[in-house]
Amino acid sequence: MTRAELRTNEPTIADRAYRIRRNALRMGEVQGQGYIAQALDIADVLAVAYFHAMRYRPEDPAWEERDRFLLSNGHYAIALYAALIEAGIVPEAELETYGSDESRLPMSGMASYTPGMEMSGGSLGLGLSIAVGMCLGLKRKGSDSRVFTLFSDGELDEGSKWEAMMSAAHYGLDNLVAIVDVNNQQADGPSKQMMGFEPLADKIRAFGWFVQRIDGNDLDAVVAAFDAAKNHEGARPRMIIADTLMGKGVPFLERRERNHFMRVDQHEWQLALQALEHGRRA
Amino acid sequence: MKTANNTMTTGSAEKPRLTTSAMIASIAAEGQRTKPAPFGNALVELARERHDIVGMTADLGKYTDLHVFAKEFPDRYYQMGMAEQLLFGAASGIAAEGFTPFVTTYAVFAARRAYDFIHQTIAEEDRNVKIACALPGLTSGYGPSHQAAEDLALFRAMPNMTVIDPCDALEIEQAVPAMASHQGPVYMRLLRGQVPLVLDEYGYKFELGKAKLLRDGADVLFVSSGLLTMRALEAARQLEADKIRAAVLHVPTIKPLDTEAIVEACRKPGRLVVVAENHTVIGGLGEAVASALMRARVHPAFQHIGLPDEFLAAGALPTLHDRYGISTEAICTAVKSWR
């Protein structure tokens, strides 16, 4: 239950997802580049995380009782900044500084730069191991805070992810919710062609996790998955496998190929914002 | 406990003692005074008062003396399996929650396999993680897989990281609380098992970041750390017979380096400066001291005792220490040749 839902005139989760996408596009326009296709695909998951599932205080990002969010795929920083701005943790005015010198919003997410950024990513495959330690620490303290961590399907190639999965189950970390963004796109091409990881749900289930696989761009499904992760009673870590669509919400970007680091021409940013707005009204 | 030497007998005829390339070899000389598990015991003492301290390892608790802590505080001990990347990532996470993890493995696995994890999740985030690694430098005869000849170079090059190379059991005991008091990540080279006790004779007290003159002498100045301080002290004694008077400046903190004390000691005219380290000659104490002296415009006669830039052989430690020039005898021979 979030404060947003307690007041009827507050934005819906769909409104939040829309604004996260819009914030990301505006940052992309500032630099004329960025991992915008990923930001668009994961906006729905972030909207549910920040406006339905997680406990936090925008004015106090280090609040001890907050739920932690670890962005393992640091190149998704543009998406998380968009969510942190929407959540009021980062002032909207800073959006204009994205990726610039002295900005608190560097292109790759780092804990030392940005309020609400709990880890330094960039080097892929780190987040789940950190999450395991945080969950152990929270349990030691008797805290009921949870750790959410987002990582990308390409990170499944990293052995450390599987080390962490084994250990999370070994320690029965029921305070851990991991979300893997399966957009099937990594640096050199389609993730499943780079290194096959299916059947993913079966694999992770066999590692001892409570696993759900959903359409990560279906808001109702995402909400239901976060709820089920919370309400599940097993002493097991929770994995949400979110199949997503690169560029989601901007049709001409959804159709663009080879879009790990998507080229977007200068005039296209405004077109993308218009397409996003159009799609929302439709 | 496995030792460097095995005695084998067949029939009635006694064969000579064989040397061995066992992974775990004692660095204590025969008859030398030792203390058991100084790291584990000191950590237990500290953890009685410091409830934020936890222990973590990757299937090497028994071989890093962390088992002593595990026995005393089983619920504060985290076995992470044989997974060093996970080990250090999780250490960052538990430190982020306010705990002070003492994390152990072998130096090779921290410095090589998990380097990026330590760099990103611990050093870059400035997490309060204390890393204590066994088999530093050439303290295993098992071959390059277990000989961390380059660990100091790698961790020196990591911003935010404090690097300690203790000499003996006394120093390890004192370094443990000092590491815990320091805010930020620390890498300590760990001597484990029966660890020689040397520095008590010198009224020594470890201070983080401080070099200490253990003995003075007008002809040679050893600037040394870790195991090689022990050897330098022995060499200094033996060199007296040749009328060579040697001083020993012990530099247990490799980073931040006590540049002031080093430059001051090296400024004294007429002394041959010999930096001695249990580490490759690349990137360790020797090069750190040389560059500090250059920057201070102090130019004494300078020599460097360290491990060669090559993959070291498997074999018994005494054999290898002789071969690579870090045994007491080899040091004495070298110093006499330089005079």
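Here are a few exercises with worked solutions on this predicted model.

**Exercise 1. The contact between the chains**

Work out how many residues chain A and chain B put into their contact, and which helix of chain A gives the most.

*Solution.* Start with the counts: 22 residues come from chain A and 21 residues from chain B. Next, look for helices on the chain A side. Helix 5 (127-141) and helix 6 (159-170) of chain A each supply at least two residues there. Helix 5 of chain A gives the most, with 11 residues. Finally, sort the chain A side by class: you get 11 nonpolar, 8 polar and 3 charged residues.

**Exercise 2. Two helices in chain A**

How are helix 2 and helix 11 of chain A oriented to each other, and which residues make the contact?

*Solution.* First take the axes. Those of helix 2 (residues 13-31) and helix 11 (residues 266-281) of chain A come within 9 Å and cross at roughly 175 degrees. Angles over 145 degrees count as roughly antiparallel, so that is what helix 2 and helix 11 of chain A are. Now for the residues: helix 2 of chain A brings Tyr18(A), Arg21(A), Arg22(A), Leu25(A), Gly28(A) and Glu29(A), while helix 11 of chain A answers with Trp269(A), Ala272(A), Leu273(A), Leu276(A) and Arg280(A). Sorted by class, this helix 2 to helix 11 contact in chain A holds 6 nonpolar, 1 polar and 4 charged residues.

**Exercise 3. A strand in chain A**

Decide which residues of strand 1 of chain A are buried on each side, then find the bridge partner of Leu71(A).

*Solution.* Go side by side. Arg68(A) and Leu70(A) are buried on one side of strand 1 (residues 68-71) of chain A, and Phe69(A) and Leu71(A) are buried on the other, so to speak a strand with both faces covered. Then check the pairing: strand 1 of chain A runs parallel to strand 2 (residues 147-152) of chain A, over 4 bridges. In strand 2 of chain A, Leu71(A) has Leu150(A) as its bridge partner.

**Exercise 4. The sheet in chain B**

Trace the strand order of the open sheet of 5 strands in chain B and pick out its edge strands.

*Solution.* The order reads 13-15-14-17-18 (chain B), and the pairing is mixed. Strand 13 and strand 18 (302-307) of chain B are the edges, as each pairs on one side only. Neighbouring strands of this sheet are turned by 25 degrees against each other on average, direction ignored. For one pair in detail, strand 17 and strand 18 of chain B are parallel, with 5 bridges; Val273(B) is bridged to Phe302(B) in strand 18 of chain B.

**Exercise 5. Helices on the sheet**

Where do the buried residues of helix 9 of chain B pack, and how does this helix meet helix 10 of chain B?

*Solution.* Begin with burial: Ile262(B), Ala265(B) and Cys266(B) are the buried residues of helix 9 of chain B. They cover an arc of only 95 degrees around the axis, which puts them on the same side of helix 9 of chain B. Their packing partners are strands 13, 14, 15 and 17 plus helix 10 of chain B.

Now the crossing. The axes of helix 9 (residues 259-267) and helix 10 (residues 285-295) of chain B come within 10 Å and cross at roughly 75 degrees, so the two are roughly perpendicular. Thr259(B), Ile262(B), Val263(B) and Cys266(B) of helix 9 meet Val289(B), Ala292(B) and Leu293(B) of helix 10. That contact has 6 nonpolar residues, 1 polar and no charged.

How values were computed. Residues are numbered from 1 along each chain as its sequence is written. Chains are lettered from A and ligands numbered from 1 in the order in which they are written. This is a predicted model: local features need pLDDT of at least 70, side-chain atom pairs count only at pLDDT 80 or more; totals for chains, interfaces and linings use all residues. Two residues are in contact if their C-beta atoms, placed from the backbone, lie within 7 Å. Ala, Val, Leu, Ile, Met, Phe, Trp, Tyr, Cys and Pro count as nonpolar, Asp, Glu, Lys and Arg as charged, and the others, Gly among them, as polar. Axes are lines fitted to C-alpha atoms, for helices over the stretch in contact, and angles run from 0 to 180 degrees between N-to-C directions. Angles under 35 degrees count as roughly parallel, over 145 as roughly antiparallel, 65 to 115 as roughly perpendicular and the rest as oblique. A residue is buried if 20 or more other C-beta atoms lie within 10 Å of its own, exposed if 12 or fewer, and partly exposed in between; C-beta atoms are placed from the backbone. The arc is that of the directions from the helix axis to the C-beta atoms. Two strands pair if DSSP finds at least two bridges between them.
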